[in-house]
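Here are my notes on the model you sent, set out as numbered points. Please read them with the sequence and the structure open beside you.

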Amino acid sequence: MSRATEGKSPAVRADEHLKRGHKANGDGNFVEARTHFLKSFELDGKLSSRISASNMSKKAGDYDTAISEYQALLDDEQLG
């Protein structure tokens with residue numbers, strides 16, 4: 001954990017990664033954005049971050065990963 005995140009709650013750190021992900025997406029840095037969305041999901045478990053990470057795979061042209069991630073979402077029994 002870096003000094004910048006030291007002492008911050010997982011929810012706050014997740015939100016920071018989410019914001020960085022949206023910024024990177026807006027800047028066209030889809031691989032970087034995906035990394036931030038995945039980290040956000042790891043920290044707070046919000047499905048929207050997981051979906052955003054999958055979307056970044058698609059935008060980056062990594063269609064095999066995107067398809068695999070979308071399929072995993074559809075197959076996730078916890079989602080109903």
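1. I begin with M56, bearing in mind throughout that this is a predicted model. Once its neighbours within four places in sequence are set aside, M56 is in contact with N25, F30, A33, R34 and F37. M56 also belongs to the largest nonpolar core, which has five residues in all and in which it is joined by A24, A33, F37 and A53. Helices α2 and α3, the latter running over residues 47–59, each supply at least two residues of this core. As a general background to such a grouping, nonpolar side chains in soluble globular proteins tend to be buried together.

2. A24 is the member of that core that lies in helix α1. With a relative accessible area of 2%, A24 is counted as buried, because the cut-off for that class is under 20%. Its contacts, leaving aside neighbours within four places in sequence, are N29, E32 and A33. For a sense of scale, A24 and T35 are 11 residues apart in sequence, while their C-alpha atoms are 9.8 Å apart in space.

3. N25 is likewise placed in helix α1. Not counting residues up to four places away in sequence, N25 touches F30, A33, M56 and K59, and the contact with M56 appears again in the list for M56 itself. From C-alpha to C-alpha, N25 and S54 are 12 Å apart in space, with their positions 29 residues apart in sequence.

4. Turning to the helix pairs, it is useful to recall that two packed helices are described by the angle between their axes and the distance between the axes. Helix α1 (residues 10–26) and helix α2 (residues 30–44) have axes that come within 8 Å and cross at roughly 160°. Since angles over 145 degrees fall in that class, α1 and α2 are therefore roughly antiparallel to each other. The crossing in which α1 passes α2 is left-handed. On the α1 side the contact is made by P10, R13, A14, H17, L18, R20, G21, H22, A24 and N25, and these meet F30, E32, A33, H36, F37, K39, S40, L43 and D44 in α2. Sorted by class, the contact of α1 with α2 has eight nonpolar, six polar and five charged residues.

5. How do α2 and α3 pack, and at what angle? Their axes are 8 Å apart and the angle is about 160°, and α2 and α3 are therefore roughly antiparallel to each other. This crossing, too, is left-handed. The residues that α2 brings to the contact are F30, A33, R34, F37, L38, S40 and F41, which meet S49, R50, S52, A53, M56, S57 and K59 in α3. By class, the contact of α2 with α3 has seven nonpolar, four polar and three charged residues.

6. For α3 and helix α4 (residues 63–75), the axes come within 7 Å and cross at roughly 155°. That angle makes α3 roughly antiparallel to α4. The crossing of α3 and α4 is left-handed. L47, R50, I51, A53, S54, N55, S57 and K58 in α3 meet Y63, T65, A66, E69, Y70, A72 and L73 in α4. The residues of this contact divide into eight nonpolar, four polar and three charged. A53 deserves a second look, as a residue of the largest nonpolar core that is also listed in the contact of α2 with α3 and in the contact of α3 with α4.

7. Finally, is L79, in the segment after α4, buried, exposed or partly exposed? At 42% relative accessibility, L79 counts as partly exposed. Not counting residues up to four places away in sequence, L79 touches L47 and L73, and L47 and L73 are themselves listed in the contact of α3 with α4. L79 and T35 are 44 residues apart in sequence and 22 Å apart in space, taken from C-alpha to C-alpha.

Terms used: Residues are numbered from 1 along each chain as its sequence is written. This is a predicted model: local features need pLDDT of at least 70, side-chain atom pairs count only at pLDDT 80 or more; totals for chains, interfaces and linings use all residues. Side-chain values use heavy atoms; hydrogens and water are left out. Axes are lines fitted to C-alpha atoms, for helices over the stretch in contact, and angles run from 0 to 180 degrees between N-to-C directions. Helices (H or I, at least four residues) and strands (E, at least two) are DSSP runs, numbered from the N terminus. Angles under 35 degrees count as roughly parallel, over 145 as roughly antiparallel, 65 to 115 as roughly perpendicular and the rest as oblique. A crossing is left-handed if the near helix is turned anticlockwise from the far one by less than a right angle, and right-handed if clockwise. Contact means heavy atoms within 4.5 Å. Ala, Val, Leu, Ile, Met, Phe, Trp, Tyr, Cys and Pro count as nonpolar, Asp, Glu, Lys and Arg as charged, and the others, Gly among them, as polar. A nonpolar core is a set of buried Ala, Val, Leu, Ile, Met, Phe, Trp, Tyr and Cys residues joined through side-chain atoms within 4.5 Å. Buried means under 20% relative accessible area, exposed over 50%, partly exposed in between (1.4 Å probe, protein chains only).
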